[in-house]
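Here is a short briefing for a reader new to this structure. Look at the strands and how they pair.

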Amino acid sequence: MAITKIPAAGFTGNNFRNIIINGDMSIAQRGTSATGLTNGSNGYHTIDRWRFQESGSPTAEFTMSQDTDVPTGQGFAKSLKMDCTTAQNPIGSSDAIYIEQRIEGQNLQYIKKGTANAQSLTVSFWVKSNKTGDFGIALYDNDNARIIGNIYTINSANTWEKKTVTFAGDTTGTLDNNNENSLSVWFHLDAGADRKSADNTIWGASSSTKQAYGQTVNLADNTANEWYITGVQLEAASASSDFEFLPYDVNLRRCERYYKIVSEKESNESHLGMAAQYTGSVAYGTFDLGYRMRTIPTVTFPSGTNYYQVVGDAVGIQINAPDAFVNITGGSSIRGRVQLSQSHTQGVAVWYRFSSNAPTGSKITAEAEL
């Protein structure tokens, strides 16, 4: 009988060769659209792991969304779309607009950066825009302030095209072996003159003048402009391979290391968690996140008049919101403290939930982004 060898888990061989998380744009826990993104809107808004950034002080505005426009017959169902909604032509000389993904250093040790055996890195992706011309793409080493860049060219308007860009291995600057941001991939939408005045096509010390060398397209010059991307893959290789599709649940779990919906109200009353009466008026309960997040997360929760209810001792007490969340076990669980307006028996078990007053879709979230 033939024996099939199951590949070992990890970031080598054919398993998880794509360093990018959610490159097929299928996970969008925060929502499918965010409008009015401009200077001051830097951060994560829609599709998981993809960050909007405007450097300097541009006034152009964009809508960032998850879209169903995808290349035909390639297996993709979603794309990331950037739509210019307020134009600026030109943007300031020290301004830049780009989309990025940040990567933990402990996920990159096998590329051997900073050694004589440093591996080449290849980025491949599908892209579409009404604007033709050259767009800047760059890798930024956050640990050592080093950068390398190149361009890709959109040849035909409103047509999905596959692009591949290979970057030489960098024998200078090892990456930290930790859970912090070590390497970023930047896809530029526009860049001012000062941001693209110096050649960045070989690894070297970073400078704002090297950020987007070769960028000729201004995606911000007209509100008719759109830019789509999907199938983004970054791999330790000198050539691209087919996009590595992951099961939806695996992809979601990788995204939840950085952002997680702890609980969402889906019906009239939704259970949140169990608690115990510490004193007559204070109860403590725990949300189990299921597994450890990247770091201790920031927890946010909706609040409003009687959004929550604590039930125990045959009494239902409504409160505006749990009055504190304190992480007590790294990134794997969250303790919630509830100050009650009505006394319960000390030591008894209670449970808390969204009440009927909380809007359907209310979410408690935990964020541990890079």
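This is a predicted model. Strand β11 (residues 181–191) and β8 run antiparallel, joined by 5 bridges. Across this pairing, Ile-137 stands opposite Phe-187 in β11. The points below start with β8, then turn to an open sheet of 6 strands.

**Strand β8 and its surroundings**
- Strand β8 covers residues 133–141, and 9 of its 9 residues are buried, so the strand is largely enclosed by the rest of the structure.
- Buried here means under 20% relative accessible area.

**The pairing of β8 with β9**
- Strand β9 (residues 146–154) pairs with β8 over 9 bridges, in the antiparallel sense.
- Phe-135 stands opposite Tyr-152 in β9.
- The hairpin of β8 and β9 has 4 residues between the strands.
- In that hairpin, Ala-145 takes a positive phi near 50 degrees.

**The open sheet**
- The 6 strands of this sheet follow the order β1-β4-β5-β13-β7-β10, with antiparallel pairing.
- At the edges are β1 (33–37) and β10 (161–167), and each pairs on one side only.
- From one strand to the next, the twist averages 25 degrees.
- Strands of a sheet pair through backbone hydrogen bonds.

**One pair within the open sheet**
- Strand β7 (residues 121–129) and strand β13 (residues 226–236) pair over 8 bridges.
- Their pairing is in the antiparallel sense.
- Thr-122 stands opposite Glu-235 in β13.

Terms used:
Residues are numbered from 1 along each chain as its sequence is written. This is a predicted model: local features need pLDDT of at least 70, side-chain atom pairs count only at pLDDT 80 or more; totals for chains, interfaces and linings use all residues. Side-chain values use heavy atoms; hydrogens and water are left out. Two strands pair if DSSP finds at least two bridges between them. Helices (H or I, at least four residues) and strands (E, at least two) are DSSP runs, numbered from the N terminus. Axes are lines fitted to C-alpha atoms, for helices over the stretch in contact, and angles run from 0 to 180 degrees between N-to-C directions. Buried means under 20% relative accessible area, exposed over 50%, partly exposed in between (1.4 Å probe, protein chains only).
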